[in-house]
Amino acid sequence: MNLNRHVLTLDEFTIQQLRQFPQATGELSSLLRDIGLAAKRVNVEVNKAGLVDILGDAGSVNVQGEDVKKLDIYANNQFMGVLQHGISCAGIASEEIDDFIAFNDNVSKNSKYVCLFDPLDGSGNIDVNVSIGTIFGVYRRVSPRGSIAVKDDFLQKGLQQVAAGYIVYGSSTMLVYGTRRGVNGFTLDPSIGEFTMSHPDIKCPPNGKIYSVNHGNFFRYGKGVQKYIDACQRKDKTNGGPYTQRYIGSMVSDVHRNLIKGGIFMYPGTIEKPKGKLRLLYECNPFAFIVEVAGGKATNGKERILEIQPTELHQRTPMFIGSRDMMAELEGCLSEAEN
Ligand code: AHG
Ligand code: MN
Ligand code: MN
């Protein structure tokens, strides 16, 4: 064992990246550091969830009409707090807040970025000790620096993301983030309380054997999706199978696993909900960005997720995301069903 081996922390890595661009201001590094800090605080509470009275409904309903758990609110406040008091973020939008929030102090008004996030994804899984996560996307604001952030700063196409990431609070806690230059994963080392580089330059395998979808909705999906699921179930040795169905019900964990191992994750529209369940701005766009940078694909069944022009902060979209070749086979099924 090489005892001198130096494992990079998240902060060291972002600073190392920054040093390669002499003209860079360090604002993105600082924003990622803020997010890392909030993630560590949320991680502590997630780990205590079974012990302390933080479990259960907070007694309110979020803007999507869903029950809000106490940890959702805690996580929301932690992420919002670090961004508001940092030096890089002009405003935020969150799953838990109806409208965007533009920070009104001078430092924030002069900041370069806005951040959109789902503070706790998969929160229905908290009380049964199953992995949950946080998702975030970062954009350069379109409004001038010095002024207060406006709605158009938040309604940008996913393609405009400068960085996107997620945190998985799982058997270990990981922060994965991507910029156009690549995707890197950091695992929280509890002995030093730092995210340390564990998965450098993540690439999504071009093919895989895992498909992730809520099978309970099978008869509510369109013909093309049914056809693809049927094809997944019929795979055998002769055509790359057998495939395995895996669905945790926390998108962060499902997509993270498929990103590392190869696979496809689908949340299609249904008869009752043609736009599905997932939110474009702070659930689908960050993952679409990360998976595409890693070599995979993400669509709504018709167009690339990253090219959808948002019109509402909380708009939903069907989502298909994963390994390149699996996505190609899905797209074949979808277009055959249309014709
Ligand atoms: P959230 O907890 O932020 O509301 O999101 C949960 C989402 C997503 O993580 C997951 O993939 C999906 O809901 C599961 O939905 P179904 O139970 O309908 O399959
Ligand atoms: Mn969510
Ligand atoms: Mn959530």
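## Working through two manganese sites and two domains

Asp 118 is buried, as is Asp 121; buried means under 20% relative accessible area, exposed over 50% and partly exposed in between, with a 1.4 Å probe and protein chains only. The model is predicted, so local features need pLDDT of at least 70 and side-chain atom pairs pLDDT 80 or more, while totals for chains, interfaces and linings use all residues. Residues are numbered from 1 along each chain as its sequence is written, chains are lettered from A and ligands numbered from 1 in the order written, and side-chain values use heavy atoms, without hydrogens and water.

**Exercise 1.** Find which residues coordinate the manganese ion (ligand 2).

*Solution.* Step one is to look for donors, which are N, O and S atoms within 2.8 Å of the metal (3.2 Å for Na, K and Ca); water is not among the atoms, so sites may look incomplete. Asp 118 (OD), Asp 121 (OD) and Glu 283 (OE) coordinate ligand 2 at 1.8 to 2.2 Å. Step two is the sequence: these donors follow the spacing D-x2-D-x161-E.

**Exercise 2.** Now turn to the manganese ion (ligand 3): which protein donors does it have, and which residue bridges it to ligand 2?

*Solution.* Start with the donors: Glu 95 (OE), Asp 118 (OD) and Leu 120 (O) lie 2.0 to 2.3 Å from ligand 3. Their spacing in sequence is E-x22-D-x1-L. Glu 95 sits in the loop between β3 (89-94) and β4 (101-102), and Leu 120, 25 residues apart from it, in strand β5 (residues 113-121). Helices (H or I, at least four residues) and strands (E, at least two) are DSSP runs, numbered from the N terminus. Next, check accessibility: Glu 95 counts as buried because its value is 5%, and Leu 120 counts as buried at 1%. Finally, the bridge is Asp 118, and the two manganese ions lie 3.6 Å apart.

**Exercise 3.** Describe how domain 1 and domain 2 meet.

*Solution.* First, the bounds: domain 1 covers 10-199 and domain 2 covers 210-338, as given by an automatic or database domain assignment. Their C-alpha centres are 24 Å apart. Second, contacts (heavy atoms within 4.5 Å): 48 residues of domain 1 touch 32 residues of domain 2. Third, the buried area, meaning accessible area (1.4 Å probe) that two parts lose on being put together, summed over both, is about 2,900 Å², with 64% from carbon and sulfur atoms. Last, count salt bridges, each a side-chain nitrogen of Lys or Arg within 4 Å of a carboxyl oxygen of Asp or Glu: there is one between the domains. Glu 95, met above as a donor of ligand 3, forms a salt bridge with Arg 279, with the closest N and O atoms 2.4 Å apart.

**Exercise 4.** Check the span of helix α6, and say what covers its buried residues.

*Solution.* The expected span is 1.5 Å times one less than the number of residues. For the 12 residues of α6 (residues 223-234) that should give 16 Å, and the end C-alpha atoms are 16 Å apart, so the two agree. Among the buried residues of α6 are Val 225, Tyr 228 and Ile 229. Their cover includes β11 (210-212), β13 (263-267), β15 (319-322) and α9 (324-338).

**Exercise 5.** Where is the cis peptide bond from Gly 241 to Pro 242, and what is the phi of Asn 129?

*Solution.* Most residues other than glycine have a negative phi, and most peptide bonds are trans. The Gly 241 to Pro 242 bond is cis, with omega near -5 degrees, and Pro 242 is in the loop between α6 and β12 (244-245). Asn 129 has a positive phi of about 60 degrees. This residue lies in the loop between β5 and β6 (132-140) and counts as exposed because its relative accessibility is 76%.
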